[in-house]
Structures are given as structure tokens and as C-alpha cells.
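Reader: I would like a close look at one part of this protein. Please take the open sheet and the helices that pack around it.

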Amino acid sequence: MIVPIKSRRSSRVAVVYGAVAADAGPDEQDVLIEVDTIQQALSSLGFAPVAVPLTLDLEAVRQRLLHLRPAFVFNLVESVEGLGRLIHVATALYESLGLPYTGAGSEAMYLTSNKPLAKRLLAAAGIDTPRWVAGGAQGLALPDFAGPYIVKSVWEHASIGIDDSSVVEDPRKLAAVARRRQRRYGGDWFAEAFIEGREFNLSLLAGPDGVELLPAAEMLFVDYPAGKRRIVDYAAKWHAGSFEFCNTVRRFEFAAEDRPLLDRLEATARACWRLFELRGYARVDCRVDAAGRPWVLEVNVNPCISPDAGFVAAAARKGLGVADIVRRVIADVPVIRQRAPIEERAVTAAVSRALPG
């Protein structure tokens, strides 16, 4: 049973997020809405939230956290100075300070953020994920499996760099597509088999009896013309008013004949949770082929909790608001017992007030 947090003495909480540049794209700007949303939820639960932007000046952030002496950190870092490959730096910093924090640990953060690495682990565990080919010094190698293919960023999420031209039929053109994206967006790119079929988002939330799968969401591509790829690309997520944004919608209602598929998707999402030893919350994105076989595309271990986010929409179907999500995420925070400059007993006592009693 989760003890109501509001009844306890208020505790300071550091809400840490990746600092956002003034000219950042909408995918990065969205975190500012999320920070405000989480701070409001924390305040309603009796905490005193303090927003802390994270930059590559790690010593400044370290000193800020030492000064704040928070009960714990609510981690919202998705990138550091626009680089998704540094997402695990935040959690490593908290651990070095002995600070409890929400969400996945550093190892899971790193393993899931590097998509080809995550896919290797998924495949080794017997969890279906599309075949892939990674890049090297000579660019993308020719795949030894049939297409079509889709070119993706190794590290970046939020559909960065994904549009209709990301889906490629001719394997000989993959290297050129990857090079163009590298020139425009930087970073590393890979290609995986493109699964024609349905797309699902599976939101997972910790609860008093273990992890719970929230209602599954299917992404529908409404009135997409023939020949247009049915993918959740960057425009569908971030370009308000675009065809993709307006015509890519999620649904939660399913016919009775979908029940076996939904059960299989749930089993797949739970297997991902166990494999990466996740905590707090997560989202697993899948495509389902014509034979009804789910394929895991990505495991997102700190999905967005903005008011218009898919995770919040899924929780609402269970009658859970943002404060309910936040309460559950906090209740799954382990107390970190490591040597730290912050007095361990004070930190432990503070975070214990947010854990099940």
C-alpha cells in the first residue's frame, strides 16, 4: 500500500532536465512543459520542487545539488546540450553523489539509448526486434536481409531525422541516406528492417503490486495516401498543423479479436521491463507484422509526462492523473546507499517518506 505523500512533511526535490537552448527544436522545448507539469504534481503531493537544468558543466550542477540537499532527484534528462548519447551522464552524476533518483539506472539508461546495443540484448533474450545493420568507418554495410529498410539515429529519440525518405527499398542506397542525415543532424546512424503493419505504444508504470501495463495505444494513420509510409515521423510528433501531425492519432479501443495480440504485446513489454531491470515507468514501441507478430522497435525508459504525451493519455484511461503517475514513479525509487558527500542518513530518511510504508 502506498502511503499518501501529501500527509507527510514537505521535502525538497530536484527536478533535473537537460538545459534547452533558445533555438532548440520543438522536441527539446517540450521538456520545459514537462518540467512545469512535474513541478505542479510534486507540489500537490507535498514536495518542494526545484528545477535544475543540466549542462556539460557537471561541476556546477554537482555543486547545485550539494547545495540543495534534495530528498531525491526527479530525473527528466533526455539529452545533454542536445546530445542523446549523453543521457546516462545525469544518472551517473546522481549516483556519484549518493542521491536517489526516479526512473531507470545508469546501466539501463545507456543500454536502451543506444538502439543497436539494445537490439542485440533483445535478440539475445529471445525478444523479437527487426534485423539491423550498424555503421562503421566505411558507413553502413550492405544488409544481408531483405528490405524495405528504415534509417534511424543510433542515439537520438523523438523521431529526430525520420521522414518519408528514411524508408529505403534499395539496400545500395542506405549508406547515402545515412550520410545525408549525419551531415544534417550529426551522430551515428543505422538501418533496420522496416516492418509493414500496425504500430503500438505500450506504457508501463510501477505500482504497489509490481509493474502494470497501462492500456495499449495503437497509432492510426488516417487518410494516408497510397505510397505514403505509415510511420510516426518527426512531423507527426512535432510539426503542429502538418498532415502527419493531424492524421496520426492514437486509439485505445480494440475489437474482441485483438485480445490475443494485446496479450502478446503485454508479455513482450513485460519481458523488456525485466530484461533491462527497469523501474518507475517506461514505454515500449512495437510494430506488428501481417502475421500478427510483434517486433520491438525501442524501449524508452523515461517517456515524456507532458499533458499531451501518450503516456499520460494511457494513464488517463485507467483513471490516473499526472500526480498519480508521479506518486507511483517516486514510490519505485530505491534508496541508494553509497559513499557520498551528502549525509546518507538524512537522504535516506527523506526519500523514505515517499516510499510505501
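Author: Start with a rule for angles between helices: under 35 degrees counts as roughly parallel, over 145 as roughly antiparallel, 65 to 115 as roughly perpendicular, and the rest as oblique. Axes are lines fitted to C-alpha atoms, for helices over the stretch in contact, and angles run from 0 to 180 degrees between N-to-C directions. Helices (H or I, at least four residues) and strands (E, at least two) are DSSP runs, numbered from the N terminus.

The model is predicted: local features need pLDDT of at least 70, side-chain atom pairs count only at pLDDT 80 or more, and totals for chains, interfaces and linings use all residues. Residues are numbered from 1 along each chain as its sequence is written, and side-chain values use heavy atoms, with hydrogens and water left out.

First, the setting. The protein has 12 helices and 15 strands. Of its 357 residues, 54% are buried, meaning under 20% relative accessible area with a 1.4 Å probe, protein chains only.

Now the sheet. Three strands make an open sheet, ordered E2-E1-E3, with parallel pairing. Strand E2 (48-54) and strand E3 (72-75) are the edges, and each pairs on one side only. From one strand to the next, the twist averages 30 degrees. Two strands pair if DSSP finds at least two bridges between them. Strand E1 (residues 12-18) pairs with E3 in the parallel sense over four bridges. Ala14 stands opposite Val73 in E3.

Two helices cover this sheet's strands by contact, which is heavy atoms within 4.5 Å. H1 packs on the sheet and touches E1, E2 and E3; its direction makes about 170 degrees with that of E1. Helix H2 (residues 58-68) also packs there, touching E1, E2 and E3. The direction of H2 makes about 170 degrees with that of E2.

H1 has another partner. Helix H1 (residues 26-44) packs with helix H11 (residues 322-331) at about 75 degrees, their axes 9 Å apart. H1 and H11 are therefore roughly perpendicular to each other. On the H1 side, the contact uses Thr37, Ile38, Ala41, Leu42 and Ser44. They meet Val322, Ala323, Val326 and Ile330 in H11. By class, that contact has seven nonpolar, two polar and no charged residues. Here Ala, Val, Leu, Ile, Met, Phe, Trp, Tyr, Cys and Pro count as nonpolar, Asp, Glu, Lys and Arg as charged, and the others, Gly among them, as polar.

Note on methods. Buried < 20%, exposed > 50% of the residue type's maximum accessible area, 1.4 Å probe, protein only.
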